[in-house]
Amino acid sequence: MKPNSLEERLIQFAVDVINLTQKMNHTFASEHLTKQLIRSSTSAALNYGEARSGESPNDFLHKMKIVLKELRESLINLKIQQRTALIEKEEDLRRLINENDELVSIFVASIKTASSKKQ
């Protein structure tokens, strides 16, 4: 996948998370998880932008691992919200979980490739 396309997917994922969470109820659990989900999903996109400008192969790899970490956090958050039915739009939630899962797979493969080139 081209870097610009991947960056666009990460940005769209963050936008979709923000748009979905704006329609949620305002319970303590919902607000807690929503704020954390927005932080982790936007962080993935922002850190990928930094990774693309990495100062060295080690810096690039480190930032890519941060992106993966944030995506995994987002995925677990979405699954918690799904199991507790905090997000009412089940179809939108499933789509976000699927996209998140695909992004995790892309970054796992990218990190493996980058690590093997570094050796």
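**Note on salt bridges and residue exposure**

1. Ala 29 sits in helix H2, which spans residues 28-52. The model is predicted. At a relative accessible area of 38%, Ala 29 is partly exposed, because that class covers values between 20% and 50%. Its C-alpha atom is separated by 18 Å from that of Glu 90, a residue 61 positions away along the chain.

2. Six salt bridges are counted in this model. Side chains of opposite charge can pair when their charged atoms come close.

3. One of the pairs is Arg 95 with Asp 16, at 3.3 Å from N to O. This pair links distant parts of the chain: Arg 95 belongs to helix H4 (residues 90-118) and Asp 16 to helix H1 (residues 3-21), with their positions 79 residues apart. Arg 95 is partly exposed at 43% relative accessible area, whereas Asp 16, at 19%, is buried, because the cut-off for buried is under 20%.

4. Within helix H3 (residues 57-83), Lys 63 and Asp 59 lie four residues apart, about one turn of the helix. Their side chains form a salt bridge of 2.6 Å, N to O. Both Lys 63 and Asp 59 are buried.

5. Helix H4 holds a pair with that spacing of four residues, about one turn: Arg 94 and Glu 90. Their salt bridge has an N to O distance of 3.4 Å. Arg 94 is partly exposed, with 48% relative accessibility, and Glu 90 is partly exposed at 29%.

6. Arg 9, Glu 99 and Glu 102 are joined into one network by salt bridges that share partners.

Notes: Residues are numbered from 1 along each chain as its sequence is written. This is a predicted model: local features need pLDDT of at least 70, side-chain atom pairs count only at pLDDT 80 or more; totals for chains, interfaces and linings use all residues. Side-chain values use heavy atoms; hydrogens and water are left out. Helices (H or I, at least four residues) and strands (E, at least two) are DSSP runs, numbered from the N terminus. Buried means under 20% relative accessible area, exposed over 50%, partly exposed in between (1.4 Å probe, protein chains only). A salt bridge is a side-chain nitrogen of Lys or Arg within 4 Å of a carboxyl oxygen of Asp or Glu.
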